[in-house]
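Here are a few friendly notes to read alongside the model. Take them one at a time, and keep the 3D view open while you do.

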Amino acid sequence: AMRNYIQPGNVLTVPAPAGGVLGGDGVLIGALFGIASHDAAEGEDLSLQVTGVVDLPKAAGALAVGARVYFDATSRSVTATDTGNTLIGVSVAAALAGDTLVRVRLNGSF
């Protein structure tokens, strides 16, 4: 029997980062990106959804279906710009330049 399997890994429990988070926030801890399932103060246990499809705030610019999307930790938004940002998944619906949200399939963490 496989004794080293822990869990599916769709939701991970991690300490909330500095400043705490609100439920629904995109959270980047090193290379680990996910969506906060609930509010948590710094250091508290945080349930982080790392898979699935979510709507996230989008930076300026249009995104096509299937475009690689990156999280800009400074603006806390999704962008097509890879430089200085972290790959988090792909867009699953086209987003126009003026749209404020983009639908993203999270890729889990690397």
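What radius of gyration does the protein have, and what would a compact globule with 110 residues have? Keep that in mind for the first point.

1. **Overall size.** Please remember throughout that this is a predicted model. The protein has a radius of gyration of 14 Å. A compact globule with 110 residues would have one near 13 Å, so the value agrees with that expectation. Along the principal axes, the C-alpha atoms fill a box of roughly 45 × 35 × 25 Å.

2. **Inside and outside.** Of the 110 residues in the protein, 32% are buried. The accessible surface is about 6200 Å², and carbon and sulfur atoms contribute 55% of that area. Look also at how the chain touches itself: among contacts with a separation of 6 or more, 44% are between residues 24 or more positions apart.

3. **The elements.** If you go looking for a helix, you will find zero of them; the secondary structure comes to nine strands. Read from the N terminus, the order is simply β-β-β-β-β-β-β-β-β. As background, strands of a sheet pair through backbone hydrogen bonds, either parallel or antiparallel.

4. **Strand β4 and its two faces.** This strand covers residues 45-49, and its side chains alternate. Leu-46 and Leu-48 point to one face and are buried. Asp-45, Ser-47 and Gln-49 point to the other face and are not buried. Try colouring these five residues by face to see the pattern for yourself.

5. **The partners of β4.** Strand β1 (residues 11-15) runs antiparallel to β4 and is joined to it by five bridges. Here Val-14 stands opposite Leu-46, one of the buried leucines of β4. Strand β3 (residues 32-36) also pairs with β4 in the antiparallel sense, over two bridges. In that pairing, Ala-36 stands opposite Leu-48, which is buried too.

6. **The five-stranded sheet.** Which strands make up the open sheet, and in what order? The order is β5-β9-β8-β6-β7, with antiparallel pairing. At its edges are β5 (51-57) and β7 (77-79), each of which pairs on one side only. On average, neighbouring strands of this sheet are turned by 45 degrees against each other, direction ignored.

7. **From β6 to β7.** Strand β6 (residues 68-72) runs antiparallel to β7, and three bridges join the two. Asp-72 of β6 stands opposite Ser-77 in β7. In the loop between these strands you will find Arg-76. Its phi is positive, about 55 degrees, although Arg-76 is not a glycine. Is Arg-76 buried, partly exposed or exposed? Its relative accessibility is 40%, so Arg-76 counts as partly exposed.

8. **One aromatic pair.** The structure holds one aromatic pair. Phe-33 and Phe-71 form it, with 4.8 Å from centre to centre and 50 degrees between the planes, an arrangement described as tilted. The pair links distant parts of the chain: Phe-33 belongs to strand β3 and Phe-71 to strand β6, and they are 38 residues apart. Both Phe-33 and Phe-71 are buried. For a good last look, find β3, which also pairs with β4, and then follow the aromatic pair across to β6, a member of the five-stranded sheet.

Terms used: Residues numbered from 1 in each chain as written. Predicted model: local features only at pLDDT ≥ 70, side-chain atom pairs only at ≥ 80, totals over all residues. Heavy atoms only, no water. Buried < 20%, exposed > 50% of the residue type's maximum accessible area, 1.4 Å probe, protein only. Helix = DSSP H or I, 4+ residues; strand = E, 2+ residues; numbered from the N terminus. Pairing = 2+ DSSP bridges. Axes fitted to C-alpha atoms, helices over the stretch in contact; angles between N-to-C directions. Phe/Tyr/Trp six-rings, centres within 6.5 Å; stacked < 30°, edge-to-face > 60°. Rg over C-alpha atoms; globule rule 2.2 N^0.38 Å. Contact = heavy atoms within 4.5 Å. Areas by Shrake-Rupley, 256 points an atom, 1.4 Å probe, with all protein chains shown as cover.
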